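Me: Could you walk me through this fold one step at a time? I am new to reading structures.

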Amino acid sequence: MSTAKHALCLGTVLGSLLLLTGCSGSSSPSSSEAKQAIQKSLGDCSIVTISSFDKVNGIADGDNRYTLQVKYALEFAPLPENAKLLDDMNAQLTSHTDWVQWEKNEFIVKVRERIMANLHRTCPNMPRNVYGDYSQANITSYSSTIHIDYTYDNLRMVKSDNGWVGI
């Protein structure tokens, strides 16, 4: 074969390999696929948005599995019923000047439990730790947007026909 034919054959083979490689999908999950997996894990809760999302690190667990470390924040829009609970709590705290400290603390714990129950009722399919983190936010912030930072070191994903998805 002549040099021109070799070059043509080699170019055709290399072009085909590049085309096949391009069709096989990415070898690791993208940041948007990882963010989508986190969003799905929140159970389609309308009052929660993900902000400051960053795919920090990742490691392959075989050909079609990947474990990621991601950092992100959840932003919770205020729930009107929680703002009302906070207003009622503040009114009771200021109207009772003779609180014993343990009674006051117990009262605040009960208000936090009701706040968390309202979130659970609004968003019943979120991971349990999110409810707990929400209930521990600064109690005066329930009438405004609540911001909670997360680092997740074990986001497991698998490659499917439709790209990378969380497992």
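Me: Which elements do the buried residues of H4 pack against?
Reply: Happy to help, and keep in mind that this is a predicted model. The buried residues of H4 include Phe107, Val111 and Ile115. Their packing partners are strand S2 (65-76), helix H3 (80-95) and helix H5 (128-135).

Me: Within what arc do the buried residues of H4 fall, seen down the axis?
Reply: Good one! An α-helix has 3.6 residues a turn, so residues three or four places apart point the same way. In H4, Phe107, Val111, Arg112, Ile115, Asn118 and Leu119 are buried. They line one face of the helix because, seen down its axis, they fall within an arc of 140 degrees.

Me: Which exposed residues does the face of H4 turned away from its buried side carry?
Reply: Helix H4 covers residues 101-122. Turn away from its buried side and you meet the exposed residues Trp102, Glu113 and Arg121.

Me: Is Thr67 buried or exposed?
Reply: Let's place it: Thr67 is found in strand S2. Its relative accessible area is 12%. Buried means under 20%, so Thr67 counts as buried.

Me: With which side chain does the side chain of Thr67 make a polar contact?
Reply: Beyond its neighbours within four places in sequence, Thr67 is in contact with several residues, among them Asn57, Asp61 and Arg156. The polar contact, at 2.4 Å, is with the side chain of Asp61.

Me: Over how many bridges do S2 and strand S3 pair?
Reply: S2 pairs with S1 in the antiparallel sense over 10 bridges. With S3 (residues 146-160), S2 also pairs in the antiparallel sense, and Leu74 has Ile148 as its bridge partner there. The count for S2 and S3 is 11 bridges.

Technical notes: Residues are numbered from 1 along each chain as its sequence is written. This is a predicted model: local features need pLDDT of at least 70, side-chain atom pairs count only at pLDDT 80 or more; totals for chains, interfaces and linings use all residues. Side-chain values use heavy atoms; hydrogens and water are left out. Helices (H or I, at least four residues) and strands (E, at least two) are DSSP runs, numbered from the N terminus. The expected span of a helix is 1.5 Å times one less than its number of residues. Buried means under 20% relative accessible area, exposed over 50%, partly exposed in between (1.4 Å probe, protein chains only). The arc is that of the directions from the helix axis to the C-beta atoms. Contact means heavy atoms within 4.5 Å. A polar contact is a pair of N or O atoms within 3.5 Å; within protein, one must be able to donate a hydrogen and the other to accept it, and residues adjacent in sequence count only if both atoms are side-chain atoms. Two strands pair if DSSP finds at least two bridges between them.
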